[in-house]
Amino acid sequence: MSHVSFYIFTMSCSDNIRFLYLRKLQVFRYLYDRTLAHKNAINFCQSILKRKAVDWESVFRSDLSTPIRDVDLVISVGGDGTLLQASHLMDDSIPILGVNSDPTRPHEVAELSEEFDATRSTGYLCAATANNFEQLLDGILEKRFVPSELARMAISINSKLIATSALNDVLLSHPCPATVSRFSFRIRKEEEPLSSLVHCRSSGLRVSTAAGSTAAMHSAGGSIMPILSKELQYMVREPIFPGASSQLMHGFLKSYETMDIAWFCKEGLVYIDGSHVVHSIQLGDTIELSSRAPPLNVYLSPHS
């Protein structure tokens, strides 16, 4: 009996190893295909630009560090993250066209749903793919298409304006996700308070623009806003016993309103459009958020 039991165990172990190997192989093929799709999209866009009567220069996002100036158009090839990073170095004088280099393939997601998440790039802010890039580029060069103004968020810490404006959202939280974030906030118009002072113990505070309302804000239960709205939306994350203030845990700021936040933890972080741009805050610091930053001119898909 012990021999048979041991034999069955080794067979199941071997099958399990084979299963894990095949799964890893499937994941590697998926990741390799994603890399190949991105490289092919870059090469394709460059081949189109070479045929146009325009001067252009290709720059990797990792090499971007100084403000983008003296160009008529920025083309970001990647996904929303690539466009967001480029936007941090742009003012409202230059439009941007996003090219989604690796759109999600619904059939692939369905086929691999039992193995892993095969979602690729959402590209919500990207009007183009390799399929329609030349068509959109021609429309821009011939001035048949015009960009849309997307609101951005201005961030000040201790009355000092941060150089980076948020196109998507801002998250304030303790560096440790298991630690309670303590802060208070109030909404005002110029110097006139429009709300009472709201005291919070929670997992942090997220504030989004209209463009960012489809991302983490929506995932947390927030509302999708019209893409051209100038308002901001805020949500206190996982509030602890909000009591009478429960209705103030989620709301909106008009374009002429400002949110004043006082931070009451020993340490904290302000994340701007994800995890790449981060500023440290500490006990007693104040943060101001408003939609008075220069907008970003983006060529959007008609579906947006």
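# Reading the surroundings of tyrosine 299

Author: Tyrosine 299 touches Leu73, Pro95, Ile96, Leu97, Leu125, Ala127, Ile140, Phe145, Val146 and Pro147, leaving aside residues up to four places away in sequence. The model is a predicted one.

Reader: Is tyrosine 299 buried or exposed, and in which strand is its place?

Author: A residue is called buried when its relative accessible area is under 20%. Tyrosine 299 has a relative accessible area of 9%, and therefore counts as buried. Its place is in strand E17, which covers residues 296–299.

Reader: What separates the C-alpha atoms of tyrosine 299 and phenylalanine 145?

Author: The C-alpha atoms of these two residues are separated by 7.8 Å, although the residues are 154 apart along the chain. Phenylalanine 145 is also one of the residues that tyrosine 299 touches. In addition, the charged end of arginine 144 sits over the ring of phenylalanine 145, 5.4 Å from its centre. Arginine 144 also meets glutamate 142 in a salt bridge, at 2.8 Å from N to O.

Reader: How should one read the sheet that holds E17, and in what order do its strands stand?

Author: Strands of a sheet pair through backbone hydrogen bonds, either parallel or antiparallel. Here 4 strands form an open sheet in the order E1-E2-E17-E3, with mixed pairing. E1 and strand E3 (148–150) each have a single partner strand, so one side of each is left without a neighbour in the sheet. On average, neighbouring strands of this sheet are turned by 35° against each other, direction ignored.

Reader: In which sense do E2 and E17 pair, and which residue stands opposite tyrosine 299?

Author: Strand E2 (residues 96–100) pairs with E17 in the parallel sense, over 2 bridges. Leucine 97 stands opposite tyrosine 299.

Reader: Which strands does helix H2 touch, and which does H4 touch?

Author: Helix H2 (residues 80–87) packs on the sheet and touches E1, E2 and E17; its direction makes about 145° with that of E1. H4 also packs on the sheet, touching E1, E2 and E17, and its direction makes about 175° with that of E2.

Reader: How many salt bridges does a search of the whole structure find, and which residue meets glutamate 134 in one?

Author: The search finds 14 salt bridges. Glutamate 134 meets arginine 51 in one of them, at 3.2 Å from N to O. This pair links distant parts of the chain, 83 residues apart: glutamate 134 is in helix H4 (residues 133–141), and arginine 51 is in the loop between helix H1 (2–50) and strand E1 (74–78). Glutamate 134 is partly exposed, with a relative accessible area of 25%, whereas arginine 51 counts as exposed at 55%.

Reader: Which residue forms a salt bridge with aspartate 260?

Author: Arginine 188 does, with the closest N and O atoms 2.5 Å apart. The two residues are 72 apart in the chain, arginine 188 in strand E7 (residues 181–189) and aspartate 260 in strand E13 (residues 257–263). Arginine 188 counts as buried at 13% relative accessibility, and aspartate 260 as partly exposed at 23%. Elsewhere, a network of salt bridges links Asp33, Arg34, Asp102, Arg105, Glu108 and Arg120.

Reader: How many aromatic pairs does a search of the whole structure find?

Author: The search finds 3 aromatic pairs. Among them, phenylalanine 185 and tyrosine 234 are edge-to-face, at 5.3 Å centre to centre with 65° between the planes. Phenylalanine 185 lies in strand E7 and tyrosine 234 in strand E11 (residues 232–237), 49 residues apart. Phenylalanine 185 and tyrosine 234 are both buried.

Conventions
Residues numbered from 1 in each chain as written. Predicted model: local features only at pLDDT ≥ 70, side-chain atom pairs only at ≥ 80, totals over all residues. Heavy atoms only, no water. Salt bridge = Lys/Arg side-chain N within 4 Å of Asp/Glu carboxyl O. Buried < 20%, exposed > 50% of the residue type's maximum accessible area, 1.4 Å probe, protein only. Phe/Tyr/Trp six-rings, centres within 6.5 Å; stacked < 30°, edge-to-face > 60°. Lys NZ or Arg CZ within 6 Å of the ring centre and 35° of its normal. Contact = heavy atoms within 4.5 Å. Pairing = 2+ DSSP bridges. Axes fitted to C-alpha atoms, helices over the stretch in contact; angles between N-to-C directions.
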